[in-house]
Structure formats: C-alpha cells, structure tokens
Amino acid sequence: MTSADPTSAIRTVASTQSEMTEIILPNDANTLGNLLGGRLMHFIDLTGAIAAYRHTRTHVVTAAMDHIDFIQPVHVGDLLILKSSVNRAFNTSVEVGVKVWVEDSKTGSLLHVASAYLVFVAIDKQGTRQKVPALQPETPTEIRRYNDALRRREHREAEAARRKQAKAAIAAQSKNAN
Ligand SMILES: CC(C)(COP(=O)(O)OP(=O)(O)OC[C@H]1O[C@@H](n2cnc3c(N)ncnc32)[C@H](O)[C@@H]1OP(=O)(O)O)[C@@H](O)C(=O)NCCC(=O)NCCS
C-alpha cells in the first residue's frame, strides 16, 4: 500500500496538500473595501479542513485555531491564495498549517497575508472520535513542521491546564466568599 492509497495507514504531507483561490468581492469586505478578518478566518478554516479531510478521509471538526496575525490588508478585487497541509497526526487529531497570500491583480506578485495553525478532530457520523492515520514527513521543511507541531501541542496542553487551574481557583474563591 502506498500513501496515495486512501486506505493506507500512513500518509505523506503531499497527499494532504490543498489550495484554494478566492476573488474578494464587496460582500467579503468592510466599509473601506478591505477583506473582513472573520471572512479570512472562514477561508482559512475551510482550506485547513480540506487538508485534514484528505488525511483522515472521514468527517473532521475544528477543535482549535491558533493565534493569527493579519499582516497586510486585502482589497476587493484581489485574489486570495490559501495553501494547507497536515503538519502532524496524533491520535484522533491532526495539526494543519495554512498559509495565505494575496495576488496583486495588476502585477501578479504574491504577498504573504497571514498564517495559522489549526487542530481538527476526526469523527464518524455519530460524532465518535476516530483514530487518524500516521503522517510520514519527508523533506527537511516537512520534518521541521512535524517537530514544531509537537511543541505547539505541548504548549496548547500546558495553556489548557493553566486555564483549568485558574478557573478552579476562581470557583473556590467565590465559594469561600459565600
Ligand atoms: C473537538 C472535540 C471533538 C474534542 O472532544 P473532547 O471530548 O473534548 O476530546 P478530548 O479532550 O478527549 O480530545 C480529543 C482530541 O482532540 C484534541 N483537542 C481537544 N480539544 C482541543 C483544543 N482545544 N485544541 C487542540 N486540540 C484539542 C485532543 O488533543 C485530542 O487529540 P488526540 O486524540 O489526537 O490526542 C469537541 O470538543 C467538539 O466537538 N468540539 C466542537 C467542535 C466544533 O463544533 N467545531 C466547529 C465546527 S466544525
């Protein structure tokens, strides 16, 4: 079985790569004619979900989207290019990286607009979580992203534990105050 085979237990990054091109229309923009941040996040979510789907070949839900910097404004009439691929597969989740460029409509030059990391969880029709295939990184860039994805997962887990502790401390304080 090869990783191009959808039933393969191992996937390559290339088999998950996805690309979407969108023309920015007035409905996507604010009153200054700039692409709305929420609309950009929607495009990022969709492009990321397609890479996750290509990896898992089942339903996926977005569990998290990391911090995004909006580096450059995008204008009505611009072409937005989004590329995504799976960085690492865990047990029932995958981390996907999405990079976004704007193509200048007159010159065709590309400008980096935003990047984001998202975590998708694989589920079946009943909503039961599904084990995901392993990912085999091949190129030096894929290996770097694979290693960085583990560090980000550890950071997310530490942050979640910190938030849980802070919430428990606030609940205990308000219980003692009553
Ligand atoms: C995402 C969801 C399925 C996780 O379910 P859960 O019961 O909390 O699952 P667990 O805590 O046992 O974690 C399951 C996996 O999700 C990952 N996960 C859960 N919450 C996460 C978060 N906030 N950030 C990153 N990963 C997360 C866990 O690391 C774990 O991964 P692993 O199996 O690869 O180790 C659930 O919270 C959910 O359905 N959320 C709503 C999703 C949604 O509606 N998204 C928007 C529309 S698609």
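**Entry 1: the shell around the ligand**

I began with the surroundings of the ligand, and found that S3 gives the largest share of the shell, 4 residues. I note here that what I am reading is a predicted model. Looking for other contributors, I listed the elements that give two or more residues to this shell, and they are strand S3 (59-65), strand S6 (110-123) and helix H2 (140-177). I then sorted the shell by residue class, which came out as 6 nonpolar, 4 polar and 3 charged residues.

**Entry 2: the nearest residues and their polar contacts**

Which residues come nearest to the ligand? Of the 13 around the ligand, I wrote down Thr62, Asn91, Thr92, Ser93 and Arg153 as the ones that come nearest. I looked up polar contacts for three names in that list, starting with Thr62, where a polar backbone atom is 2.9 Å from a nitrogen atom of the ligand. For Thr92 I looked at the side chain, and one of its N or O atoms is 2.6 Å from an oxygen atom of the ligand. For Arg153 I again looked at the side chain, where an N or O atom is 2.8 Å from an oxygen atom of the ligand. I next asked how much of the ligand the protein covers, and recorded 49% of the 930 Å² of accessible area that the ligand has on its own.

**Entry 3: the cavity**

I turned from the ligand to enclosed space in the protein, and the count came to 1 cavity of 30 Å³ or more. For the largest cavity I noted a volume of about 30 Å³. What lines the largest cavity? The lining is made by Val13, Ser85, Val86, Asn87, Glu142, Arg145 and Tyr146. I checked these residues against the secondary structure, and strand S4 (79-89) and H2 each supply at least two residues of the lining. Helix H2 also appears among the elements that give two or more residues to the shell around the ligand. By class, I divided the lining of the largest cavity into 3 nonpolar, 2 polar and 2 charged residues.

**Entry 4: Thr47**

Last, I looked up a single residue, Thr47, which is found in helix H1 (residues 37-56). Is Thr47 buried or exposed? Its relative accessible area is 1%, and because residues under 20% count as buried, I entered Thr47 as buried. I then followed its side chain to see what the side chain of Thr47 reaches, and found the backbone oxygen of Phe43 at 2.7 Å.

Terms used
Residues are numbered from 1 along each chain as its sequence is written. This is a predicted model: local features need pLDDT of at least 70, side-chain atom pairs count only at pLDDT 80 or more; totals for chains, interfaces and linings use all residues. Side-chain values use heavy atoms; hydrogens and water are left out. A residue is near a molecule or strand if one of its heavy atoms lies within 4 Å of it. A polar contact is a pair of N or O atoms within 3.5 Å; within protein, one must be able to donate a hydrogen and the other to accept it, and residues adjacent in sequence count only if both atoms are side-chain atoms. Accessible areas come from the Shrake-Rupley method with a 1.4 Å probe; for residues, only the protein chains shown count as cover. Ala, Val, Leu, Ile, Met, Phe, Trp, Tyr, Cys and Pro count as nonpolar, Asp, Glu, Lys and Arg as charged, and the others, Gly among them, as polar. On a 1 Å grid over the protein atoms alone, a cavity is a set of points where a 1.4 Å probe fits but cannot get out, and a pocket is an open set with protein on both sides within 12 Å along at least five of seven lines; lining residues have an atom within 4 Å of a point. Grid points are joined across faces, edges and corners, and a volume is the space filled by probe spheres set on the points. Buried means under 20% relative accessible area, exposed over 50%, partly exposed in between (1.4 Å probe, protein chains only).
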